[in-house]
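Visitor: I have not met this structure before. Could you take me through it step by step?

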Amino acid sequence: EDEEEEMDDSEAGVDSDEGGGLDEAEEEEVKPRARGAGKPTSLAEALGGEDPLAGLRAGTDLPGGGGVAGGFDWDDFGGAAGASRRDAEEAEAEEQLGRRGRQAKERASWREREAEMREREAHVASGEAATAEDYERLLVGEPSNSRLWVDYMELQLSLAELERAREVGERALRTIELTAEGERYNLWAAMLNLEKRFGDEESLAALFKRAIAQADPMRIYLHVAATHERAGDAELADATYNGALKRFRRDKRVWLAWLEAIFAQRKDPASAKELLQRAVDSLSTSDHVDVISKFGQLEFRHGSAERGRTVFDGVLSSYPKRIDVWSVYLDMELRRGEPGPIRSLFERAVSLKLSSKKAKYFFKRYLQYASDAGDAALVEKVKAMARAWVERATEA
């Protein structure tokens, strides 16, 4: 059966943090496309880029390539004209050499400055005798580099200069370009961390109010909630999550972040189950599979593997052809490493009525597992199962 089976377009793909899932080519074949995939955020690498002078030409030619329009040539004017042309060519050659020399000097100067900046940045990154002057020099070249600003703040804190650290943060917000949203978010996050650690409830609340007005409010809410969780302030974290839900009740990211906090930080599966029910009641049906599958992953990682299996089996009983859910379920079992449940799940997966591409995906993973386990008998068994599947598909 070579025809592709249709996925339920109303369902988004389920993500797994494990590394053993679909590769890029297979993911295109077996995994439904997720809607509204979020944009990841990272700090820019310092002092990267190409030589800005590399694209300049060494010289410019005379219009028309040195000749005159209409078929005339400089040689037509005899010796005097030829001498004049030679003089002009020599002058042009000298001018070009001069231009090349200036450009070479400029390129050398640029490379020297770049090398100096890289050396200074490495010096700062190593933490060896970094000074405020080091950061000031670096920031002249990269005023929107949030990592440099945050490191500068940390330097001031290491010197017990709390107010100066705050001043550096405020100065960074005034300096970083408004279009550099990721860089500005990093600064807001660092400043909120600073107030959580060294400030008081009032200073944190004031900064939080500014941040949600000037940055992505969803990210700010989730960052502050996570900051409270790390500090062990569960009540403040819950209050922040509830505040986020007043604005983003139908956004599954808030619910998933809260569920993960309850599992990972508080180790409270019972409270997580209650929250899951609230999430299902609030979210659209199209988000249910994603949220429940994530709950199953959290059970595997932080709760009970048996409860996790129950969650995944329940999802697959309703959506047996959700290949992404099968894949994540396999990731969870492979992570635990128990041979019995792993083989049982693979046997169930390869017995599904699937297209050739999707069947190949599961057989490939099963064969890789058997090979990695060093089980020659299982390798032969999987190969025989795959051959039998191909024969049945050919006869159909």
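Visitor: What share of the accessible surface of the protein belongs to carbon and sulfur atoms?
Guide: The model shown here is predicted, and its accessible surface comes to about 22800 Å². The part of that surface that belongs to carbon and sulfur atoms is 50%.

Visitor: How many helices and how many strands does the protein have, and what share of its residues count as buried?
Guide: The protein has zero strands and 17 helices. A residue counts as buried when its relative accessible area is under 20%, and of the 396 residues of the protein the share that meets this is 39%.

Visitor: Which residues have the most contacts inside the largest nonpolar core?
Guide: The largest nonpolar core has 57 residues. One of its best-connected members, Trp149, is in contact with Leu139, Pro143, Val168 and Leu187, among others, once neighbours within four places in sequence are left aside. A second, separate core of 31 residues includes Val289 and Trp326. In the largest core, the residues with the most contacts are Trp149, Leu187, Leu192, Ile220 and Leu259.

Visitor: Why is helix α12 described as largely enclosed by the rest of the structure, and which helices are included in what covers its buried residues?
Guide: Helix α12 runs over residues 288-302 and reaches 21 Å from its first C-alpha to its last. Twelve of its 15 residues are buried, so α12 is largely enclosed by the rest of the structure; among these buried residues are Val289, Phe295 and Leu298. The cover over them includes α10, α11, α13 and α14.

Methods
Residues are numbered from 1 along each chain as its sequence is written. This is a predicted model: local features need pLDDT of at least 70, side-chain atom pairs count only at pLDDT 80 or more; totals for chains, interfaces and linings use all residues. Side-chain values use heavy atoms; hydrogens and water are left out. Helices (H or I, at least four residues) and strands (E, at least two) are DSSP runs, numbered from the N terminus. The expected span of a helix is 1.5 Å times one less than its number of residues. Buried means under 20% relative accessible area, exposed over 50%, partly exposed in between (1.4 Å probe, protein chains only). Contact means heavy atoms within 4.5 Å. Accessible areas come from the Shrake-Rupley method with a 1.4 Å probe; for residues, only the protein chains shown count as cover. A nonpolar core is a set of buried Ala, Val, Leu, Ile, Met, Phe, Trp, Tyr and Cys residues joined through side-chain atoms within 4.5 Å.
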